[in-house]
Every structure is written in C-alpha cells, then in structure tokens.
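The following exercises are meant to be worked with the sequence and the model side by side. Each task is followed by a solution in steps.

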Amino acid sequence: MSAEAAVETRGLRKSYGDVAALRGVDLDVEAGTVLGLLGPNGAGKTTVVRILATLLPPDGGSARVAGLDVVRDARALRRHIGLAGQHAAVDENLTGFENLEMVGRLYHLGRRASRDRARELLADFDLLDAGGRRAGTYSGGMRRRLDLAAALVARPPILFLDEPTTGLDIRSRISLWDAIAALVAEGTTVLLTTQYLDEADRLSDRIVVIDHGLLIAEGTPDELKQQVGGDRLEIRLDDGRQHESATAALEGIAGGQPSLVDGSLRVPVQSRRGAIAAAVRRLDAAGIAIDDIAIRRPTLDDVFLELTGHVAEPAAEPGEPATEAVP
Amino acid sequence: MKAVALELSDMLVLAKRSVLRIRRQPDLLVGFTVQPVMFVLLFVYVFGGAISTPGFEYVDFLIPGIIVQSMVFGGFVTALGLADDLKKGLMDRFRSLPMSRAAVLTGRTLADISTNIVQLVVMIGVGLLAGFSFAASAASVTAGIGLLLLIGYAFSWVFAFIGLTASSPEAANAYGFTILFPLTFVSSAFVPVESMPSWLEAVAENNPFTTMVDATRSLFLGTPAGNDVWAAVVWSISISLAFGALAVWRFRRVVTR
C-alpha cells in the first residue's frame, strides 16, 4: 500500500445471509483528507464503516486502516480510530462528563488524563454548561456533539463518521459541520457516510458513490458534477409557448440537447463565460422576452440521479430521523 | 501482568457505570426490593397461616427461600442493561475501543453484586421486622450470605444470556419472568416440597432452587444441611460457567450482525 493511505480496501465483500451488502469495494483515503461515502439506504455504506471500525469481519477482500489489517491487527488498530454517528452512542444515564471520562478510561488514558481530556472536549464542543447533566436530557444536536467528542477522546488520527447529522435540524448540522471542518484542518483523516448530498459536497475532498454494494463513481465533487455535464443555463420565459423558438435561437451556443424541466428551459453550455450575455442577445434578437435567466452548475443531486437512476434519499425533515416510520 | 491489570481496570470502569445507572434510576432498584418485600408480607401474613411447615415457624421457613428468589432476580438489571446497550448502539462504541471485550459482560455482572447486597440488606431487615430470627452461629450466617451472593452472581450470567438473546428490553423482561419465576415457585422456597403432588414433588426435589434454598436455610437456621451447601456451591459455579459461555457465544453472534 502507499505510504499515504490512511484507509485502503481491496475487493471488500460482505453478505448477510443471501443478501450481498458489499460486492467488492476498493477504497483509498489519503491521510489528512476527507472521503465522502455517498449512497442510498442499503447501499452498503454502514457495512463499510463497521468493517473498518473492526465491528464486523469482512467475508472477503482486505481492509487496512493506519496500515493495520482490520482482522489480524484489530485491537491495535482501535487505538488509531474514532467512531461516531448513527451507530455509536452515549450512555443516557451518565452525565456528559462521565461519558467522556469513561471512554478515556477505556482507552487507558489514566484517571487524571481522562478527566482533563473530558473537560477539554466539553469546552471544545460547547457542552461545558451541560457537562454535569445526564446525557438523556440532551437535545439531538447536543447528543451528536457528545458522541463526536467521545470519538475524539484519544485524539485518533482517523475518524469514521456514519451519517453524523442524520435527523438533525439545520442549525445543529451546521454546528457539527464546523466541528468536523476544524478537525480536518488539524490533519484528521475522515471517512464520512452521508445521505445528504450537500454534506458530502461541503466536507469531502473526494466522493465515492456506492449502490447495491458496488462502487459506481468516484472523484472530487467537481469531477463528479462534470461527469453529469457541465454548466447550464436555466431560462424562464415570459411566454411559455415560445420554448421551441427559444431552443432554435440558442442553437449556436448550446453544448447539448436542451430540456424543459418544471417550465424552465435547461440549456447545456460549453463555457459559462459570456453565456448569459450571448443567450440574452440571441433571445432578444428573436423577440423572445425573458422572465429569469441564470447559469447553474449541476448539484450532487443531479449526479446521484444520473448514476443510480433514482433520486437521493428523501432528505429527513429537520429533527426527524429519515428512517422513522410514520405510524 | 499489565494486560491483566488493564482487563480488571476495564471491568471496574464498566461496573462503575452500571452502578451509577442504578443510582440514577433508583426506580430500577425499587422494583427489585419492593416486590420481594410485598412477597414477604403476603406470604407471612396472608398465606402463612394456611401453610404448614413442620419444625419451623413459617416466617423462618420463608425468609431464606424468598431471599434466594430475590437474589436470582437481582441480575435482571444486567439483562435490561445489555439489551439496552445493544439497542442504543453503545455496544458498538465499546467494541470500537481498544479495551477488553469481556469487560462489557464482566463489568455488568460485577455491578450486580452491589445490587444484590442492597437487596440482601433490605430483605434481611424486613425479615427481622416480620419476626425472622437467625438460629445459627455468626460464621454460619456469614457463609449463608456468601452463598447468596454467589447464587446472585450465577444468575447474573443467566440474565446476561437472556439480555443478549431477547430482541428488546421488554422481551428480556418477558423471558425472565415467564421462565424463571415459575421455577422458583416449584421449589422448597415457599412451601415444603412434601406438600406437592408426587410428580411435582419430584420436579421440586431436583430443582437447583430447592438445593439453594435448603442450603441457605441450614446456614441461617442451623438445620442439618446434608450435602446441600456444597451442592448449592457447585450448582452456582456450574451455572456461572455454563451461562457465562452461552453469554459470550451470544455476544459474539449478536454484535457481528
């Protein structure tokens, strides 16, 4: 393996009974970078994290974290990782402080150092005032921050975050994003799974999209968006009946087949430079009035739709876990 | 040597956590002390007059039996706790740490000893108030208390297995009470086994609860013990080992799903 890879998997496979959760996944996370693992529910994201965090043995293939094998060197490997997100948790009957102190003791930091570290983390995560309260009384956002703090007790160089903000309201999400960004700035390697496209876009250096246990795309957020097509004009006309004549008028600058989505005309362009001005001139010359015109880059939503053939998971309503069934 | 010290440290850290939980949720303990106390009162004052226990005052006959029953159920906190840890994902947190995995179980069962001590103090206190009196040497009574704690520890492992097998804390509750509760009644805990129909008497005679109750009774009341005390010790150790192994087996299976 290369010296820089903090996480490396080759041909990783895992089945649950007859259901193949992973069907040969290769991943590389360079030290000090953030890899976003994106995919719909059931794609195998959580299985990847559980294998890398030594919670689950793979059926085939290999996985190394910090240069250590997840099966053979499991115990030594655990010193280098922190795990947070939907599958890690805090003890609701202990206070925030006691939770962190307990984790410190279980990392064998010693009594004194565990307490100091607990206080430090409570301060870092804006939980100092709540530190003496039972975690069961915390809000969802506070609990996730405590959970993330617990993952950081031993200052692990590699962090696994499994859907760290699922079910949180937007304010809590942003506060957690800031915390994660700060860790990354200090050089922590992060592997993040998410069903929120904006989250992957915002935090990741590279993104891997998996579906049905297979890797279907990878690249930087920009590269992935490029795969779906480049920039496009979105034009809303005053008179909706003029779409065809508008399409004809824009033929010279269109970089692909225009389409009509929700009453607005989408025209791929080769270059964003000067595109709006050129479009306005041509439409004006053709006597077509414009209500609104903008240039847009495709979002990861578009990437997702293009790659998986279905839209991303319905974004959870703020404060509601996405998986919660409606009675 | 250092490895052993770390294992012990992990166990103690997790035992402390379980003890703290009981302190934070005293209603848990109330369940495990109030119910046996109600049983003492019901059996002594309601049923006692109708139950004939040749050679014993009924309260003297009952208290050792009912204490054994409460020891057996003291470990229930472990079943609830483990089922809860699995459900809430705390088990994954522990398993991602460079700690002893056995401590997740041994810490729990160790903490149960403190629950059992509280129960023991309450039950003996209530027994004495209801008219129970020890009729054996201090050494014998002390040995009886030691035996009770050993019995409690053995059943903590039974409950550890139940907690890891049940699909939820509620299911653990159902398993515990529908399986173990009748077993404690078909024994010498509440009535002399000779008063049962002969087929049931045979069951009760061979029920380890009967051995444990008879052993406790002889240590507390100075009655002839026969082999009961040693048999009770062997039973307790066997149950600890068997269910300890079962719990470890379940633990391995359930966490890698």
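**Exercise 1. Determine whether helix α3 of chain B is enclosed or open, and compare its length with the expected span.**

Solution. The model is a predicted one, and the values below are computed from it.

Step 1. A residue is taken as buried if 20 or more other C-beta atoms lie within 10 Å of its own. By this rule, 16 of the 17 residues of α3(B) are buried, so the helix is largely enclosed by the rest of the structure.

Step 2. The helix runs over residues 58-74 of chain B. Since the expected span is 1.5 Å times one less than the number of residues, its 17 residues should cover 24 Å. The end C-alpha atoms are 24 Å apart, which agrees.

**Exercise 2. Apply the reasoning to α5 of chain A, and state which elements its buried residues pack against.**

Solution. Step 1. The 12 residues of α5(A) should span 16 Å at 1.5 Å a residue, and the end C-alpha atoms lie 17 Å apart, which agrees.

Step 2. Of these 12 residues, 11 are buried, so that α5(A) is mostly covered. Among the buried residues are A:M142, A:R143, A:L146 and A:L148.

Step 3. Within chain A, the buried residues of α5(A) pack against β6, α3, α4, β7 (158-162) and α6 (170-185). From chain B, α5 (90-95) also takes part in this packing.

**Exercise 3. Decide how far helix α1 of chain A is buried, and examine the residue A:T54.**

Solution. Step 1. Helix α1(A) comprises residues 45-52. Eight of its eight residues are buried, so this helix is largely enclosed by the rest of the structure.

Step 2. The buried residues include A:K45 and A:R50, as well as A:V48, A:V49, A:I51 and A:L52.

Step 3. A:T54 comes just after α1(A) and takes a positive phi of about 65°.

**Exercise 4. Describe the side of chain A that touches chain B.**

Solution. Step 1. Count the residues in contact: 25 in chain A meet 19 in chain B.

Step 2. Identify the elements: β6 (81-85) and α3 (96-106) of chain A each supply at least two residues of this side. The largest share, five residues, comes from α3(A).

Step 3. Sort by class: the side of chain A that touches chain B has 14 nonpolar, four polar and seven charged residues.

**Exercise 5. Locate A:H108 and A:D126, and state how exposed each one is.**

Solution. Step 1. A:H108 is not a glycine, yet has a positive phi of about 60°. Its place is the loop between α3 and α4 (111-124) of chain A.

Step 2. Around A:H108 there are 19 other C-beta atoms within 10 Å, so the residue is partly exposed.

Step 3. A:D126, also a residue other than glycine, has a positive phi near 60°. The loop between α4 and α5 (140-151) of chain A contains A:D126.

Step 4. With 13 other C-beta atoms within 10 Å, A:D126 is partly exposed.

Step 5. A:D126 is 54 residues from A:I180 in sequence, while their C-alpha atoms are 14 Å apart in space.

**Exercise 6. Reconstruct the open sheet of four strands in chain A and place the helix that packs on it.**

Solution. Step 1. The strand order is β12-β13-β11-β14, with antiparallel pairing. The edge strands are β12 (259-261) and β14 (290-296), each of which pairs on one side only.

Step 2. On average, and ignoring direction, neighbouring strands of this sheet are turned by 25° against each other.

Step 3. β11 (residues 232-237) and β14 of chain A pair over six bridges in the antiparallel sense. A:R236 has A:D292 in β14(A) as its bridge partner.

Step 4. Helix α10 (residues 275-285) of chain A packs on the sheet and touches β11 and β14 of chain A. The direction of α10(A) makes about 155° with that of β14(A).

**Exercise 7. Summarise chain A as a whole: its elements, extent, burial and domains.**

Solution. Step 1. Chain A contains 11 helices and 14 strands, and its C-alpha trace spans about 80 × 45 × 45 Å along the principal axes.

Step 2. Of its 327 residues, 45% count as buried.

Step 3. Chain A is divided into domain 1 (5-225) and domain 2 (231-296), whose C-alpha centres lie 44 Å apart.

Notes: Residues are numbered from 1 along each chain as its sequence is written. Chains are lettered from A and ligands numbered from 1 in the order in which they are written. This is a predicted model: local features need pLDDT of at least 70, side-chain atom pairs count only at pLDDT 80 or more; totals for chains, interfaces and linings use all residues. Two residues are in contact if their C-beta atoms, placed from the backbone, lie within 7 Å. Ala, Val, Leu, Ile, Met, Phe, Trp, Tyr, Cys and Pro count as nonpolar, Asp, Glu, Lys and Arg as charged, and the others, Gly among them, as polar. Two strands pair if DSSP finds at least two bridges between them. Axes are lines fitted to C-alpha atoms, for helices over the stretch in contact, and angles run from 0 to 180 degrees between N-to-C directions. Domain bounds come from an automatic or database domain assignment.
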